[in-house]
Amino acid sequence: MIPGKETNIEKSNSQKDKIGSFELFDIEHFLRKILKNWYWFVLMLFIGYCISWMYGKYYAQNIYASNLSLSVSNNTSSYFTPNQSINFIWGQGGNQDGIYLKKMLLSRSHNEFLVKELDLFVNYSTKGSIKSTYLDKDDSPVFVQIDKKHLQQINYPITFVPKANGTYEVILPEEGESTYLYNYEVEGFQSIKSYKRPANKSIKVGEWFTTPNLKFRLLQNPGTPSIKLDNIIVSLNSVNQSVNEIVSTIGIEFDKEINSIMIITKTGPNLNGTVNFLNKSVSELQKKRMLDKMTVDKNTETYLQDNLAGVRKKLDSSATVLNYLKTSEKLYDIKDRDEKSLTKIKDLEAKKADLVSKVNSLNIIKNNLETQNFDKMISTNAAGFEDGMFSASVTELKALYLKRREMATIYTPNSEPMKEINRLISDAKLSSSNSLGNYYNGFNTEINKINQQVAEANADLDAYPEKERKYLDAERGYNMIEATYNSLLGRQNETKMRMATNQSDISVIDPAKNVGQSPIGPNVKGTKIVIIGGLLLLPFLFILIGELLDNKVRNIKELLSATKIPLLGVVGNNNNENMLTVLDQPKSSVSEAFRGIRANMRFLSGENDKSKVVLITSSIGGEGKTYVSINLASVLGLSDKKTILLGMDLRKPKIFGDFKIDNKYGISNYLTGEVSIDQIINKTTIPNLDVATSGPIPPNPSELLMSKKNIKFIEELKEIYDFIIIDSPPVGLVADSYELMKYSDTNIYVVRHEYTEKYMLKMITEKYHNNEIENLGLVYNDYIIKQGYGYGYGYGYGYGYFDEDKNYKEPLLIRIRNKIQTIFNKK
């Protein structure tokens with residue numbers, strides 16, 4: 001049976017739907033194409049390796065990280081810390097002290113202080129032949145000190161080249177001078193008049209270098225740098241830019257087991273720079289915290305001392321009155337005293353006295369807050385509470401007032417920045433006022449409750465005579481003043497104790513240290529993989545996209561699976577100069593393929609004695625329809641079968657050229673009655689093969705082919721010839737061939753490898769399975785035969801059967817395989 005030929009079995013609807021439908025993606029062909037284009041992958045691999053090597057060697061800037069761990073004591077929060085953020089939001093939690101300190105370390109004002117204190121707006125680097133390397137300040141043999149009163153151009157790289165005798169050549173960029181310069185005093189930009197590019201010159205250490213856009217001098221590094229530099233490149237940043245860069249590289253986490261231990265991480269392009277910054281940052285924070293605590297405690301001690309002096313006078317005065325009543329009125333021994341009620345009243349009034357004292361302290365805090373007298377602030381302990389929310393809001397308010405004073409030198413009162421800072425001040429004032437209001441409400445509620453309880457207890461004393469009640473009132477007044485005095489005295493003792501034992505609430509456990517840590521980034525290995533993988537992906541994507549967009553027939557198995565039409569044979573690539581392959585190269589594999597087609601034709605129409613009309617068509621022109629017609633006719637003629645080849649593609653005559661026949665008269669002339677049948681039949685070099693060319697192109701080719709005269713013409717030829725080969729028009733362009741198929745015994749449809757579009761086979765496939773066309777077979781044309789593949793219709797190259805085998809050379813992989821097999825066979 002011919003491969004692919006099926007018996008007439010009724011098909012289900014789902015099977016019919018699948019007929020003529022090709023797979024969207026041919027994985028086999030895709031893999032073959034990848035193997036075919038292996039050199040692109042090798043090239044991309046080489047290019048990717050070179051690029052990744054260059055990146056890792058010359059362009060990747062290492063990022064280092066250093067860590068510092070510290071322990072945070074309780075009660076670190078204080079609203080008097082001078083370097084606090086104006087933007088943080090307090091979050092209540094179980095580790096308020098640690099969270100507060102974290103906000104401090106990440107605050108803008110703290111890091112702005114460090115930037116100004118350490119001149120971190122000056123960036124140092126050095127450049128080799130290709131790669132630039134960032135330096136720590138201590139790695140440079142000289143430091144750059146700018147004149148902050150002079151306008152400076154930022155982001156303007158200045159190169160210093162060491163010369164003899166402590167001299168450095170200052171090299172400025174060839175271009176890029178700006179008239180928009182930065183003022184470090186007001187931290188803002190100002191414009192100046194245009195100027196010529198400053199000239200390069202050499203300066204000594206300590207000598208000022210002055211241009212319209214720069215003013216600085218070099219200071220000798222007191223230390224000895226570990227590396228010798230051929231050049232030092234310095235670039236200035238604005239304070240704001242430096243602060244933002246620093247804050248973005250700081251990370252803070254808490255220990256999972258002990259949440260009072262904080263781990264601070266700083267990343268940067270220079271390891272020494274990260275180490276020095278962390279140690280300096282924490283050191284400065286400790287100093288500020290100590291100064292803060294000392295100042296607040298001193299203010300609190302002074303406040304309590306003044307209050308104690310006043311209360312002491314009241315207490316002495318009250319004691320005098322009480323003694324007078326005892327001696328003059330003889331009331332020190334009152335009979336039937338209600339000691340239980342008096343004790344209760346004494347305790348309640350003692351509590352009230354303490355609350356009143358706290359309210360007075362709260363009034364002092366409120367007054368200082370409203371008058372912006374932050375330098376006279378007292379501890380909230382004097383008011384009997386500690387509140388991180390309030391401390392944070394006061395800190396924020398203090399920083400905002402300072403910031404507004406700075407901004408007032410740059411911006412007008414109605415400018416947007418001033419409106420924004422005023423809005424932030426209002427929000428902070430509201431937050432602090434709300435916190436104080438909550439304590440006022442709490443204290444007043446407690447005082448009112450005590451007053452009510454005292455009033456209830458006083459009802460029990462109404463039965464006493466007037467003189468005795470007078471004595472009891474004096475005694476209660478003395479007790480209340482004494483309770484106030486004792487409360488203030490206790491808070492004073494706490495303050496003195498705290499001042500006497502004052503120490504930093506921040507203890508460094510492990511300082512930052514350079515122990516030769518490896519860089520944490522960039523991920524050079526990962527980047528190399530991405531570069532190489534990305535370049536390797538390019539040809540893969542190109543092939544994949546081409547495969548998805550390609551709709552050509554490339555796979556014989558897929559063709560047969562989709563069409564379910566019998567395959568008569570596979571014809572290889574024609575390397576002959578003309579179409580007469582069978583005549584010119586009778587021993588070629590292509591000629592053998594046509595002989596195989598001749599043999600398989602009998603399975604379509606069966607063996608019988610009547611002449612066979614073979615119609616050959618295709619989807620469109622260029623698929624080899626005429627080529628197959630000529631060579632199939634040649635094979636039949638050479639097999640001693642009387643054969644005639646009819647060129648019925650009247651729109652595009654071709655046959656005459658290869659047989660060197662004059663196309664002046666042909667089938668078109670015969671069908672119009674211009675010539676007789678004998679005048680259009682031409683002899684060839686093959687005795688049993690005649691050819692009737694198509695003749696001149698007529699204006700009505702379809703009408704001529706469908707005419708009764710043409711049908712009669714074919715019937716007459718059947719009486720003369722064993723085989724009639726009709727080279728018909730492509731069915732994808734015109735419908736002529738479908739009409740001619742009604743009179744043919746065998747129909748051959750030519751599909752060209754990597755040329756025929758898949759969708760073009762839909763119509764012929766449907767007609768075949770709908771029994772509109774009978775005895776249809778496929779010929780797969782122009783297939784390039786490769787060793788290891790094939791479909792059973794050619795023997796491949798290299799086996800001595802065909803002419804092509806003379807010049808055949810086995811592929812490298814096959815030769816290697818054969819060599820290995822030979823070695824193992826010897827063993």
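Here is a friendly exchange between two people about the structure above.

Colleague: Before we start, which pLDDT must local features have in this predicted model?

Modeller: Residues are numbered from 1 along each chain as its sequence is written, and side-chain values use heavy atoms, with hydrogens and water left out. This is a predicted model in which side-chain atom pairs count only at pLDDT 80 or more, totals for chains, interfaces and linings use all residues, and local features need pLDDT of at least 70.

Colleague: Thanks! What percentage of the residues in the chain is buried?

Modeller: Buried means under 20% relative accessible area, exposed over 50%, and partly exposed in between, with a 1.4 Å probe and protein chains only. The chain has 827 residues. Of these, the buried share is 45%.

Colleague: Nice. How many aromatic pairs are there?

Modeller: Rings of Phe, Tyr and Trp (its six-membered ring) pair if their centres lie within 6.5 Å; planes under 30 degrees apart count as stacked, over 60 as edge-to-face and the rest as tilted. By this rule the number of aromatic pairs is 12.

Colleague: Why is the pair of Phe 121 and Tyr 184 tilted?

Modeller: The ring centres of Phe 121 and Tyr 184 are 4.6 Å apart, and the pair counts as tilted because the planes are at 40°. Phe 121 lies in the loop between α5 (108-118) and β2 (122-127) and Tyr 184 in the loop between β7 (180-183) and β8 (188-191), so the pair ties together parts 63 residues apart in sequence. Helices (H or I, at least four residues) and strands (E, at least two) are DSSP runs, numbered from the N terminus. To end on the value you wanted, the angle between the planes is 40°.

Colleague: Which residues do ring pairs link into a cluster with Phe 121?

Modeller: Phe 121 and Tyr 184 are both buried. Ring pairs link Phe 121 into a cluster with Tyr 180, Tyr 182, Tyr 184 and Phe 189.

Colleague: Lovely. Over which ring does the charged end of Arg 752 sit?

Modeller: A charge sits over a ring if NZ of Lys or CZ of Arg is within 6 Å of the ring centre and within 35 degrees of the ring normal. Lys 266 has its charged end over the ring of Phe 277, 5.5 Å from the centre. For Arg 752 the distance to the ring centre is 4.9 Å, and the ring is that of Tyr 755.

Colleague: Which helix gives the largest share of the lining of the second largest pocket?

Modeller: On a 1 Å grid over the protein atoms alone, a pocket is an open set of points with protein on both sides within 12 Å along at least five of seven lines, whereas a cavity is a set where a 1.4 Å probe fits but cannot get out; lining residues have an atom within 4 Å of a point. The second largest pocket holds about 960 Å³, the space filled by probe spheres set on points joined across faces, edges and corners. Its lining has 34 residues, with Leu 120, Val 122, Asn 123, Leu 135 and Pro 269 nearest the centre. The largest share, five residues, comes from α7.

Colleague: Finally, which peptide bond is cis, with omega near -5°?

Modeller: Most peptide bonds are trans. Pro 522 is in the loop between β15 (506-510) and α12 (524-549). The cis bond with omega near -5° runs from Gly 521 to Pro 522.
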